[in-house]
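Dear colleague,

I am handing over the structure we talked about, with the sequence alongside. Please open both before reading on, as the notes below follow the strands and helices by number.

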Amino acid sequence: MSMKTQARVVVIGGGVVGASVLYHLTRFGWTDVMLVERSELTSGSTWHAAGGFHTINADTNMASLQGYTIRLYRELEELSGQSCGLHHVGGLTLAETPERLDQLRAERAKHRYMGLETEIVGPEQIRELSPITNTEGILAALYDPLDGHLDPYGTTQAYAKAARENGATVQLHTMVERLEQQTNGEWHVVTDKGTIVAEHVVNAAGLWAREVGRMAGVELPLHPMEHQYLITDDIPEVHDHYTELPHVMDPQGESYLRQEGRGLVIGFYEHNATPWADRTTSWDFGHELLPNDLERIGDALDFAFRRYPVLERAGIKQVINGPFTFAPDGNPLIGPVQGLTNYWTACAVMAGFSQGGGVGLSLAEWMVAGETSQDVFAMDVARFGDTCTQPYTRAKARENYERRFTVSYPNEELPAGRPLHTTPAYGLWDARRAVFGQGYGLEHVNYFAPEGEPRYETPTFRRSNAFPTVGAECRNVRTAVGINEVHNFGKYEVTGPDAEAWLGRIMAGRLPREGRMTLSPMLSPSGRIIGDFTIAKLGPERFQLIAAYNAQAYHMRWFEHHLPASGVDIRNVSLERVGFQIAGPNARKLLQRVADPDVSSAAFRFMSVKEMHVGNCPAIVGRVTFTGDLGYEIFVPVDFQIALFHALEAAGEDLGLCPFGMRAMLSLRLEKSFSAWLLENKPDYTPAENGMDAFIDFNRSDFIGRDAALAERDNPPARKLTTLVVDADDADVAGDEPIFRDGEIVGFVTSGGYGHYVERSIALGFVPRELAVDGEAFQIEILGDLRTATVTTKPLFDPEAKRMRG
């Protein structure tokens with residue numbers, strides 16, 4: 001039979017992810033879809049995978065999609081008639097330290113409001129479930145009944161068969177050689193068997209995703225890593241056990257273990273990991289394995305012999321050493337690539353049998369409906385933008401691999417590949433003993449370590465060594481004046497005769513008059529929040545937009561998709577336009593000393609914006625700060641940043657000017673109940689839920705998402721974002737904790753921490769709308785303890801906003 005020469009979608013890659021994408025596209029009604037594979041299905045990483053699946057993931061939506069993937073398998077078997085070789089045996093994740101137990105308690109708390117049936121079990125229950133596990137030194141474990149393993153070959157075939165039955169085509173032994181986009185937006189997929197004309201292309205090429213990306217001029221941030229696991233001979237304690245043994249994840253030993261027939265499989269995420277195929281993956285690589293390297297896992301194997309004594313007496317039947325791909329943070333890369341039309345990714349899925357179904361579902365929703373049903377920023381290809389160089393990607397992929405079983409703390413900053421991007425002020429902060437963090441590849445100050453203290457924040461689920469220092473920075477802002485960089489905001493300049501009309505289409509909020517600023521949500525067609533912006537009108541046809549720094553590619557992709565052919569220009573100026581914010585009761589005095597115009601409260605009102613000189617520097621100054629205090633954001637061309645700092649520093653010495661970091665700023669914003677991107681403001685939520693409907697201009701009839709927002713205005717949703725004061729001990733909320741009332745879970749936390757100036761532990765979260773009233777009492781689970789939390793409907797600091805607006 002001759003190859004098809006036209007398809008709506010061509011999926012490149014026949015591993016489990018490509019097959020899942022193909023199936024899910026047909027499930028949503030796109031049947032003119034085609035998968036192209038250079039060899040057989042399951043070639044690449046899929047065929048040598050250990051086949052385990054689990055739900056644990058630091059991101060709750062990722063965990064939810066992993067749960068979807070696992071539950072899908074039974075349905076897939078029924079649809080296709082193909083066995084997936086399912087073994088739902090449950091899984092144990094061991095905790096040998098209090099820190100690991102804190103992590104498992106935090107995970108279990110998330111699972112409670114997600115509806116996942118996990119539980120903390122003690123050493124005796126561990127031994128009952130897995131008698132081959134030596135529990136000496138073990139404090140507890142997290143048990144998940146959904147964990148298990150499957151047959152990689154059968155599962156991939158089940159996806160493909162179900163897709164074929166829905167009308168899809170699978171083309172094997174066909175090599176994609178080039179991708180050529182035509183002027184009409186169509187793709188020519190040039191293969192060794194002819195050319196396929198496609199509306200959409202999906203890169204699901206796994207180990208070869210970098211190469212397929214380069215065919216479209218894209219350098220994707222992923223890197224293959226070698227991974228080894230062992231299959232043992234028969235073990236009597238295994239095959240004589242009355243039921244199949246559960247999986248056991250032993251983070252301390254860097255290993256996972258499961259039953260395989262009459263023996264065991266044990267795999268390792270060792271701390272001297274080996275990147276593979278540094279620049280390119282050979283097209284000749286396929287069904288072969290890499291040479292064994294048992295020396296690399298020697299220490300981990302010794303530890304495993306102590307944890308599972310039966311291994312010492314077992315023979316090794318086979319050693320599997322094969323590559324699979326990691327993104328810098330270990331999550332998949334999915335979605336449309338900025339700057340290209342209808343070029344989609346579904347790659348770097350290192351846990352394909354936990355995540356493949358969710359990846360296929362989300363990508364198919366995105367392609368067919370234009371958006372996903374839940375927030376998938378944690379695996380959106382846009383989350384890295386163009387920040388990653390190849391060496392950086394390799395360093396972060398290796399770091400992530402080696403930390404696969406390491407405790408992940410909410411305040412931890414990982415060192416590999418840093419610093420990558422810095423501003424001119426980096427040296428100033430370094431000389432002042434800054435403790436740095438990073439986001440989207442850019443260094444920022446978390447706090448300033450006092451003399452005699454280490455320049456390192458202890459990773460913890462509880463209050464860290466930085467707690468008193470951050471408190472001092474917060475109090476200085478509230479009582480004098482603080483200075484902080486504003487480089488880590490995304491900044492865009494929009495110009496042109498149609499700029500205002502275009503902004504009126506893509507922004508839901510009120511547009512400002514010249515010299516003024518407004519706050520605005522940006523909505524998807526279904527009315528979900530895809531951005532929170534400050535809009536400043538600098539001139540008749542000139543606007544500045546400010547939003548989250550880590551959403552630059554995400555937002556530019558949306559802007560470009562909706563940009564008209566002429567009349568509007570948009571430019572990302574995030575690192576061209578940097579500067580500082582000054583905040584606190586002395587901020588106006590400081591600015592007046594260095595600014596050329598009058599900045600009194602009458603001349604420069606709250607939410608005004610002016611172009612002026614600050615010191616010798618041409619600046620754009622906005623009368624607003626994220627601290628919720630009296631303050632200003634001062635933006636200058638990058639070459640003027642150092643001069644601006646010295647002008648402010650000299651003028652502010654007698655006013656108590658001190659620098660503060662991001663830890664302090666996030667504490668200060670909690671005292672004002674300000675919401676933040678990817679915490680309270682993200683595509684899981686709508687403006688009527690999180691309060692951003694207050695900024696929507698319903699008088700305009702044509703902004704994206706208006707119908708959905710209007711429907712919720714007239715019929716308010718069931719949940720509402722609120723602020724709660726928590727009776728905390730030595731641990732504050734970090735996010736995703738369940739909220740209880742009368743023993744029932746009624747909501748969840750989005751973010752929180754300690755408000756150092758008001759001296760209260762604060763949580764923001766969603767609760768039933770009718771219960772979001774002053775004084776209403778709830779309980780929040782923090783590391784296994786239920787803590788009383790009370791609603792406050794006004795900000796804890798400056799509730800009437802007299803200082804902020806004064």
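**Strand β14 and its hairpins**

β14 and β15 form a hairpin with 2 residues between the strands, and G261 in that turn has a positive phi of about 65 degrees. Before going further, please keep in mind that this is a predicted model. The pairing of β14 with β15 (residues 263–268) is antiparallel and runs over 6 bridges, with S255 standing opposite F268 of β15.

On its other side, β14 takes part in a hairpin with β13, where 4 residues lie between the strands and E254 in the turn has a positive phi of about 60 degrees. Strand β13 (residues 247–250) pairs with β14 in the antiparallel sense over 3 bridges, and here D250 is the residue that stands opposite S255. Is β14 enclosed by the rest of the structure or not? Of the 6 residues of β14 (residues 255–260), 5 are buried, so the strand is largely enclosed by the rest of the structure.

**The sheet of 8 strands**

These strands belong to an open sheet of 8 strands with mixed pairing, whose order is β5-β6-β4-β13-β14-β15-β12-β16. Its edge strands are β5 (119–121) and β16 (316–326), each of which pairs on one side only, and neighbouring strands are turned against each other by 25 degrees on average, direction ignored. Within this sheet, β4 (residues 91–95) and β6 (residues 140–144) run antiparallel and are joined by 5 bridges, and G91 stands opposite D144 in β6. Helix α8 (residues 298–307) packs on the sheet and touches β4, β12 (223–232), β13 and β15, while its direction makes about 140 degrees with that of β15.

**The sheet of 6 strands**

Another open sheet, also with mixed pairing, has 6 strands in the order β28-β29-β30-β27-β21-β31. The strands at its edges, each pairing on one side only, are β28 (609–614) and β31 (657–659), and the average turn between neighbouring strands is 30 degrees, direction ignored. Strand β27 (residues 577–583) is joined to β30 (residues 631–637) by 7 bridges, the two running antiparallel, and A583 is found opposite G631 in β30.

Which helix touches β21, β27, β28, β29, β30 and β31? That is helix α16 (residues 641–652), which packs on the sheet with its direction at about 15 degrees to that of β27. Helix α12 (residues 467–479), for its part, lies across β21 (481–485), β27 and β31, and runs at about 115 degrees to β21.

**A further hairpin**

Strands β23 and β24 (residues 529–539) pair in the antiparallel sense over 7 bridges, with M517 opposite A536 in β24. There are 5 residues between the strands of this hairpin, and among them G527 takes a positive phi near 85 degrees. Because 6 of the 7 residues of β23 (residues 517–523) are buried, this strand is largely enclosed by the rest of the structure.

**The nonpolar cores**

In soluble globular proteins, nonpolar side chains tend to be buried together. The largest nonpolar core in this model has 47 residues, and L25 and V202 are the members that touch the most others. At least two residues of this core come from each of β1 (6–12), α1 (16–27), β2 (33–36), α2 (60–80), α5 (152–165), β18 (343–347) and α9 (352–369). If you wish to look at one residue in detail, L25 touches V9, V11, W30, V33, A364, M367 and V368, with residues up to four places away in sequence not counted. There is also a second, separate core of 37 residues, which includes A7, V10, A205 and L333.

**The second largest pocket**

The second largest pocket holds about 840 Å³ of space. Which residues lie nearest its centre? They are P336, W366, R557, W558 and H561, out of the 32 residues that line this pocket. The elements giving two or more residues to the lining are β18, α9 and α14 (552–561), and the largest share, 5 residues, comes from α14. Two of these elements, β18 and α9, were named above for the largest core, to which each supplies at least two residues.

With best wishes

How values were computed. Residues numbered from 1 in each chain as written. Predicted model: local features only at pLDDT ≥ 70, side-chain atom pairs only at ≥ 80, totals over all residues. Heavy atoms only, no water. Pairing = 2+ DSSP bridges. Axes fitted to C-alpha atoms, helices over the stretch in contact; angles between N-to-C directions. Contact = heavy atoms within 4.5 Å. Buried < 20%, exposed > 50% of the residue type's maximum accessible area, 1.4 Å probe, protein only. Core = buried A, V, L, I, M, F, W, Y, C linked by side-chain atoms within 4.5 Å. 1 Å grid on protein atoms, 1.4 Å probe; cavity = no way out; pocket = protein on both sides within 12 Å on 5 of 7 lines; lining within 4 Å. Points joined across faces, edges and corners; volume = space filled by probe spheres on them.
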